[in-house]
Structures are given as structure tokens and as C-alpha cells.
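Student: I would like to learn how to read a model of this kind, feature by feature. Could we take the strands, the ring pairs, the charged pairs and the surface in turn?

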Amino acid sequence: MRTNTGWQAAGPTALRRTSLERRDLRPDDIAVRVDYCGVCHTDLHALRAYDQDTDAPLVPGHEFTGVVTGTGREVTTFAVGDRVAVGNIVDSCGVCAMCEAGQENFCHSFPTLTYGGTDRQDGSTTLGGYSREYVVRDTFAYPLPSGLDPAAAAPLMCAGVTVWEPLRALGVGPGSRVAVAGLGGLGHLAVKMAVALGATTTVISRTEDKRDDARKLGAHDLIASTDPQHMASARDTFDVVLDTISAPHDLAPYLKPVAMDGTLSLLGYLGPVTVDAMDLLPGRKKLSSAGSGGRPATAEMLRFCADNGIAADIEVLPSSQVDTALDRLRRNDVRYRFVLDMSDLD
């Protein structure tokens with residue numbers, strides 16, 4: 001086993017620095033020195049549900065960048081010293097229809113998650129990127145393009161690909177009209193990507209407070225969702241509305257701005273929802289969702305971001321301040337993504 005250091009859950013609100021064990025390298029594995037790891041709302045949800053008396057060890061973190069420090073004997077795509085990025089999926093069955101289509105995120109036997117997942121060979125629980133080292137199959141690591149800053153690129157591996165997948169699947173491009181509901185970790189990247197794809201892009205936010213931020217990100221307009229007249233004026237306008245709001249909420253106000261045959265895509269809140277069919281019927285509106293992305297889409301997203309100068313707007317904290325980052329994230333006190341610098345684990 002390989003020993004390193006990381007941050008393990010010590011309950012639903014705190015983590016403790018501790019020694020972790022990674023597997024010895026299999027033939028198709030690489031070892032990655034984790035340099036930067038993003039802090040995601042998923043980490044908050046996992047910690048909130050964690051019971052250290054009954055659950056397997058929990059080390060959060062599923063969007064990180066780093067450098068290859070070792071390779072298995074069959075690895076040919078990476079060498080020691082290469083910059084890499086890893087997202088929230090680290091394995092899949094590889095043989096189901098979804099995997100063969102390059103949609104490993106929809107693997108029929110469920111993909112192996114970067115943390116809290118079950119290793120497909122030895123049955124152990126995967127431990128995430130809040131650590132100084134990660135061991136991963138080479139096919140689920142991605143070359144980090146030289147044009148991307150490793151800290152600002154880390155959130156692309158979860159937040160970025162989560163919004164990229166529906167933008168591409170729904171055919172967003174020049175002439176498209178896109179609205180992004182919620183301007184947070186997902187939403188700010190959705191705006192940047194939609195604009196770069198050529199879409200006329202609008203932010204839907206609760207108030208006017210983020211209008212200047214929206215314009216700096218490239219958005220063409222902002223609609224205040226609490227202003228009935230403003231929302232009414234946008235009825236049947238957008239080909240795609242990306243709903244990145246992370247809390248439970250009524251979908252009806254976000255279906256009204258969807259144009260005829262357009263789509264509302266749920267990305268932020270993935271729990272139970274209730275929809276009145278009459279909010280879909282006028283205009284043949286569609287309701288969809290998406291989560292993460294397969295290997296081809298993830299690689300494409302990284303190249304697109306490098307070519308278009310897209311990365312997350314981040315606040316970097318030493319990993320020793322992980323509890324501070326999580327507490328502030330609970331209060332939505334970040335614009336727009338926390339990233340942990342893992343070098344203090346040496």
C-alpha cells in the first residue's frame with residue numbers, strides 16, 4: 001500500500017488530517033500528486049449525511065489537478081511529470097451500452113465515484129482528492145492543457161463538465177438563446193461556456209445584485225426572478241434554460257421562459273421535483289437533467305476551455321482551512337468556487 005496524508009471526515013461538520021492508504025499501482029494505474037482540489041456542494045451533502053460510527057471512511061474531493069508521480073507497467077499515455085486532471089468518475093464497467101457510447105457517467109452498473117464509491121476490483125471504498133496523492137486508472141485521468149492554470153482548472157472537472165454536457169447535448173451554438181438560472185459555482189461556468197459557444201446568454205438571479213458580475217462573465221442580460229414583470233417579459237424566450245440552483249425550488253417560474261420546443265435542464269438540485277404537466281404542455285417544453293460527463297465529453301471540454309481561455313473564478317485556500325471553506329460554502333460566501341492548495345500536506 002501507498003501511504004499519504006489527507007483530510008478525513010470526523011463527523012458531519014468537520015474533517016481531520018490523517019494518514020491515508022492508497023493501493024499499490026495496478027498495471028493500468030497512475031499515481032497523481034494532488035496539487036489543487038475544488039470544493040463542491042456534493043462534498044457538503046456527503047459530509048452532512050456521514051456517520052463515522054457506521055459509515056466507511058470519507059475523504060471528499062472529486063475535482064482536482066496535479067502531476068503524475070508514478071505509472072503502472074502498461075501505461076503508455078502518461079509519464080512521470082505530466083500535468084493531469086481527474087473528475088468525479090474513476091471507473092466504469094466499460095461494456096454496457098452507455099460505456100460503449102462514451103457515456104461512462106451513465107454506466108448501467110453505476111460508475112465508480114472518486115470518493116464514496118466501490119472499487120471494482122477489491123471492493124474497497126474510494127477516498128477522494130482532499131489528499132496529497134490519488135491512484136487512478138489511466139483512462140480516467142486527462143492531460144491538463146498547458147494553457148490552463150491548474151488551480152482554476154480543478155473545478156472544470158466537476159462543475160465544468162456538468163454544464164458542458166447539456167450545452168453540447170442540446171446543440172447550443174451561434175444563434176442559440178440560453179438562460180442560466182443561478183450564478184454560483186456551476187452557473188458562472190455555464191455563462192462562460194455558453195457565450196464562448198456563440199449563444200446569446202442571460203442570467204436569471206433572485207435580484208439585480210449580480211448584474212455587473214454577469215456582464216463581466218460575458219452575459220448579455222440579467223433577469224431578476226423576484227420581479228414578476230421582468231420574468232413575464234421573458235416568457236417563451238430561451239431555447240435552453242440551465243437550472244443550476246442547488247436548493248429545492250419550484251420549477252414553474254423557470255419553465256415559463258423556455259421557448260417552444262425548448263428545454264429546462266436541471267443541474268443543481270437533483271432531488272425529487274414536482275411538475276405540473278400544464279407548465280410543459282403550452283409550447284411542447286421539455287424537462288431534462290444531466291450529471292457529469294463521459295470521457296470523450298470531458299476531454300473535449302478541457303480542450304475547449306484551453307482554446308477559449310475559460311476557467312473557474314476561484315478563491316484558493318490552504319487545505320488546512322478546509323473547514324472554513326466548507327462553512328463559507330454552506331453560507332454561499334464564495335464567488336465562485338473554493339479550491340484547496342494541497343501543498344501544506346507535505
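**Reading the model**

Tutor: Let us begin with one position: Thr-202 stands opposite Asp-221 in E12. Please keep in mind throughout that this is a predicted model.

Student: Which strands pair there, and in what sense?

Tutor: Strand E11, residues 200-205, runs parallel to strand E12, residues 221-224, and the two are joined over 4 bridges. Between them the chain passes through helix H6 (residues 211-217), and this β-α-β crossover from E11 to E12 is right-handed. Another position in this pairing is Ser-205, which has Ala-224 of E12 opposite.

Student: Which strand does E10 pair with, and over how many bridges?

Tutor: E10 pairs with E11, again in the parallel sense, and here there are 5 bridges. The connection from E10 to E11 goes through helix H5 (residues 185-196), in a β-α-β crossover that is right-handed. For a position to look at, take Val-178, whose bridge partner in E11 is Thr-201.

Student: Is E11 mostly covered or mostly open?

Tutor: The general idea is that side chains in a regular strand alternate between the two faces of the sheet. In this case E11 is mostly covered, with 5 of its 6 residues buried.

Student: How many aromatic pairs does the structure hold?

Tutor: There are 2 aromatic pairs. In one of them, Phe-64 and Tyr-134 have ring centres 5.2 Å apart and planes at 45° to each other, which makes the pair tilted, because that class takes what falls between the stacked limit of 30 degrees and the edge-to-face limit of 60. Phe-64 belongs to strand E4 (residues 64-71) and Tyr-134 to strand E8 (residues 133-137), so the contact ties together parts that are 70 residues apart in sequence.

Student: Are these two rings buried or exposed?

Tutor: Phe-64 is buried, at a relative accessible area of 0%, and Tyr-134 is buried as well, at 2%.

Student: What do the rings of Trp-164 and Phe-304 form?

Tutor: Trp-164 and Phe-304 form an aromatic pair that is tilted, with 4.7 Å from centre to centre and 40° between the planes. This pair links distant parts of the chain, since Trp-164 is in helix H4 (residues 159-169) and Phe-304 is in helix H9 (residues 295-308), 140 residues apart. Both Trp-164 and Phe-304 are buried.

Student: How many salt bridges does a search of the whole structure find?

Tutor: The search finds 26 salt bridges, and for each one it helps to ask about the distance, the place in the chain and the exposure of the partners. Among them is the bridge between the side chains of Glu-133 and Arg-2, at 2.9 Å from N to O. It links distant parts of the chain, with Glu-133 in strand E8 and Arg-2 in strand E1 (residues 2-9), 131 residues apart. Glu-133 is buried, with a relative accessible area of 11%, whereas Arg-2 is partly exposed, at 25%.

Student: Where in the chain do Asp-239 and Arg-177 lie?

Tutor: Asp-239 lies in strand E13 (residues 238-243) and Arg-177 in strand E10 (residues 177-181), so this pair ties together parts 62 residues apart in sequence. The two form a salt bridge whose closest N and O atoms are 2.9 Å apart. Asp-239 is partly exposed, with a relative accessible area of 27%, and Arg-177 also counts as partly exposed, at 34%.

Student: Which residues are joined into one network by salt bridges that share partners?

Tutor: The members of that network are Arg-23, Arg-26, Asp-29, Asp-119 and Asp-122.

Student: Which residues form a nonpolar patch on the surface?

Tutor: The patch is formed by Val-273, Val-275 and Leu-287, which together have about 190 Å² of accessible area. Leu-287 is found in strand E15 (residues 286-289). This leucine, Leu-287, has a relative accessible area of 33% and is therefore partly exposed, because that class lies between the 20% limit for buried and the 50% limit for exposed.

Student: Finally, is Thr-126 buried or exposed?

Tutor: Thr-126 counts as buried, at 10% relative accessibility, and is found in the loop between strand E7 (112-113) and E8. The C-alpha atoms of Thr-126 and Tyr-115 are separated by 4.7 Å, while the two residues are 11 residues apart along the chain.

Notes: Residues numbered from 1 in each chain as written. Predicted model: local features only at pLDDT ≥ 70, side-chain atom pairs only at ≥ 80, totals over all residues. Heavy atoms only, no water. Patch = residues over 30% accessible without salt bridge, like charges linked within 9 Å, V, L, I, M, F, W, Y side chains within 5 Å. Areas by Shrake-Rupley, 256 points an atom, 1.4 Å probe, with all protein chains shown as cover. Salt bridge = Lys/Arg side-chain N within 4 Å of Asp/Glu carboxyl O. Buried < 20%, exposed > 50% of the residue type's maximum accessible area, 1.4 Å probe, protein only. Pairing = 2+ DSSP bridges. Right-handed = clockwise from strand over helix to strand, strands pointing away. Phe/Tyr/Trp six-rings, centres within 6.5 Å; stacked < 30°, edge-to-face > 60°.
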